[in-house]
Amino acid sequence: KLYQNRPNPFKATTLIPFLLPQAGQVSLTVTDVSGNRIKSLEQYFEAGYHEVSIEQGDLPSPGLFFYQIKIGDQQATRKMIATQ
């Protein structure tokens with residue numbers, strides 16, 4: 001399960017929380033509204049609750065972004081907003 005990032009909108013740092021029913025390789029991707037990949041993370045996580053931190057400096061500018069998590073054949077996507 002992929003939760004909404006908090007805070008949203010964010011200025012400096014935001015947390016992307018997710019819950020995994022089982023351990024596995026997770027792919028987290030942040031894209032802009034055009035679908036360009038901005039940031040990606042591939043990491044093995046144990047089952048349970050996790051949070052990944054995103055810094056505004058990781059993004060090219062303030063604006064609307066999408067973040068997607070994939071594990072196995074399952075995926076979920078949500079929106080986040082970075083402000084100045």
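This is a short tour of strand S2, its two neighbouring strands and a surface patch, in a model that is predicted.

Start by selecting residues 24-32, which make up strand S2, and colour them by accessibility: S2 is mostly covered, with eight of its nine residues buried.

Next, add residues 37-45, which are strand S3, and look at how S2 and S3 pair in the antiparallel sense over eight bridges. To find one of these pairings, pick Gly24, whose bridge partner in S3 is Phe45. Then follow the chain through the connection, where S2 and S3 form a hairpin with four residues between them, and stop in the turn at Gly35, which has a positive phi of about 90°.

Now bring in residues 63-71, the strand S5, which runs antiparallel to S2 and is joined to S2 by seven bridges. A convenient pair to select here is Val26 with its bridge partner in S5, Ile71.

Return to S2 and select Thr29, which lies in that strand and counts as buried because its relative accessibility is 12%, under the 20% cut-off. If residues up to four places away in sequence are set aside, Thr29 touches Arg37, Lys39, Ser40, Phe66, Tyr67 and Gln68.

For the last stop, move to Leu64, which is placed in S5 and counts as partly exposed because its relative accessibility is 36%. Switch on the surface and add Val33 and Ile81, since these two residues and Leu64 form a nonpolar surface patch with about 240 Å² of accessible area together.

How values were computed
Residues are numbered from 1 along each chain as its sequence is written. This is a predicted model: local features need pLDDT of at least 70, side-chain atom pairs count only at pLDDT 80 or more; totals for chains, interfaces and linings use all residues. Side-chain values use heavy atoms; hydrogens and water are left out. Patches are made of residues with over 30% relative accessible area and no salt bridge: like charges are joined within 9 Å, nonpolar side chains (Val, Leu, Ile, Met, Phe, Trp, Tyr) within 5 Å. Accessible areas come from the Shrake-Rupley method with a 1.4 Å probe; for residues, only the protein chains shown count as cover. A salt bridge is a side-chain nitrogen of Lys or Arg within 4 Å of a carboxyl oxygen of Asp or Glu. Helices (H or I, at least four residues) and strands (E, at least two) are DSSP runs, numbered from the N terminus. Buried means under 20% relative accessible area, exposed over 50%, partly exposed in between (1.4 Å probe, protein chains only). Contact means heavy atoms within 4.5 Å. Two strands pair if DSSP finds at least two bridges between them.
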